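This report concerns one helix and two loop or segment residues with unusual backbone angles. Please consult the sequence and coordinates alongside the text.

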Amino acid sequence: MDCSRAQQSQASDEVDKTTAVVEKQQHSQSKQVSKDVREGEKTGAWKCTKNHLSRIMWPDDANVAGNVHGGNILKMIEEAGCIVGTRHCNTQNGDRCLAALVRVEKTEFLSPVFIGEVTHVTAEITHTSKHSLEVQVKVMAENILTGAKKLANKAALWYVPCSLQNVDKIMEVPPIKYASAEQEEEGRKRYEAQKMERLETKARPEEMMPSPPNPEKHTVGFSQSSLIHLVGPSDCTLHDYVHGGVTMKLMDEVAGIVAARHCNTNIVTASVDAINFHRKIKKGCVVTVTGRLTFVSNKSMEIEVLVDASSVVEAEKGKYRAVSAFFTFISLDKDNKPLPVPALKYSNGK
Ligand SMILES: CC(C)(COP(=O)(O)OP(=O)(O)OC[C@H]1O[C@@H](n2cnc3c(N)ncnc32)[C@H](O)[C@@H]1OP(=O)(O)O)[C@@H](O)C(=O)NCCC(=O)NCCS
């Protein structure tokens, strides 16, 4: 990846200037939140189905060219969804529970987000079934020096409430009130559609092929990459299982390494196909996240990412496929314009 120092120092100047503005904004936001809480407690409306998070983007959220990683955006989206989903599912009597991420619909990164910008993540529960809930999330990126705002991402996530007493016990979801019968019907259609799609596309248990020794440049083996991560407490929910957002961040990181190795340029996430989270990953497990190119078009790369989990001591014995997904990346020039992607070579030289 080609990193310009000038670009980096300009980015950190922007951060310095924006920090003061953000502190002021955060102060007034927290005053507003306290007011909302007081209002909500008074009227009972605090059982709300909406949540809002804002955060400034720091250099450690971004790649060397200043583009915020898609994985960090996905992590924020998941955090916002988990808060609103967990809060809603605990508005009823019975076991306390946590909303576990089970699915993210196909997501597109609509505009790049840069260091120094503030992301506003709004999450709203838009549908409930007996045991699951849909959260739609919108991410706006704001340049707080100019006030310019752009839509960075829109996503739809599905959560399932799991009891804190017994993680295998799935709780019922309190129904939400819909604004209209049409809205309810549309939500039901989305629920049926994802259920059908899940039946048709079960996780593929196949093994990732190891890279051949000394692979030729631009072959699949040349850019194939793996990341091994020990699941620690900071990766986990109150259940001691990995947050879906943490897993997506690792997946995006590996896919980004694959894309950068293939192109040797600055790369960004363009989209992620629907992801299903069928299996939990417990604290103390080792996860191996592997990415490989599956298709290259003129200006984009499709990368399959597989996440395998196993116990740290008996790595091969209990290994299982926890998640898999397809990411699309694009290669960018210094002005953030898409570049042609080198064609994928077959290993036999074709
Ligand atoms: C949550 C979990 C226990 C559900 O297990 P399951 O065997 O699918 O359970 P069920 O078939 O009884 O389904 C329970 C509900 O979840 C919903 N559901 C399950 N998987 C889903 C998915 N991938 N997408 C959307 N909804 C899903 C079902 O529709 C059902 O709701 P409904 O009764 O209202 O239709 C299991 O999928 C799991 O542990 N997933 C991993 C969760 C996690 O750890 N997330 C972070 C990953 S890093």
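Which residues of H3 are buried? In this predicted model, the buried residues of H3 are Gly187, Tyr191 and Gln194. Because they cover an arc of only 70 degrees around the axis, they lie on the same side of H3. The partners against which these buried residues pack are strand S2 (97-104), strand S4 (118-128) and strand S6 (149-163).

The face of H3 turned away from the buried side carries exposed residues, namely Ala181, Glu182, Lys189, Leu199 and Glu200. Helix H3 itself comprises 20 residues (181-200). From its first C-alpha to its last, H3 reaches 29 Å, which is close to the 28 Å expected at 1.5 Å a residue.

**Positive phi outside glycine**

Asp240 has a phi near 70 degrees, a positive value in a residue other than glycine. Asp240 is placed in the loop between strand S7 (225-230) and helix H5 (244-263). A positive phi, near 60 degrees, also occurs at Asn336, again a residue other than glycine. Asn336 belongs to the segment after strand S12 (320-332).

The table lists the accessibility of each residue.

| Residue | Exposure class | Relative accessible area |
|---|---|---|
| Asp240 | Asp240: partly exposed | Asp240: 28% |
| Asn336 | Asn336: partly exposed | Asn336: 28% |

With a relative accessible area of 28%, Asp240 lies between the 20% limit for buried residues and the 50% limit for exposed ones, and is therefore classed as partly exposed. The value of 28% for Asn336 places that residue in the partly exposed class as well.

Key:
Residues numbered from 1 in each chain as written. Predicted model: local features only at pLDDT ≥ 70, side-chain atom pairs only at ≥ 80, totals over all residues. Heavy atoms only, no water. Helix = DSSP H or I, 4+ residues; strand = E, 2+ residues; numbered from the N terminus. Expected span 1.5 Å × (residues − 1). Buried < 20%, exposed > 50% of the residue type's maximum accessible area, 1.4 Å probe, protein only. Arc of directions from axis to C-beta. Contact = heavy atoms within 4.5 Å.
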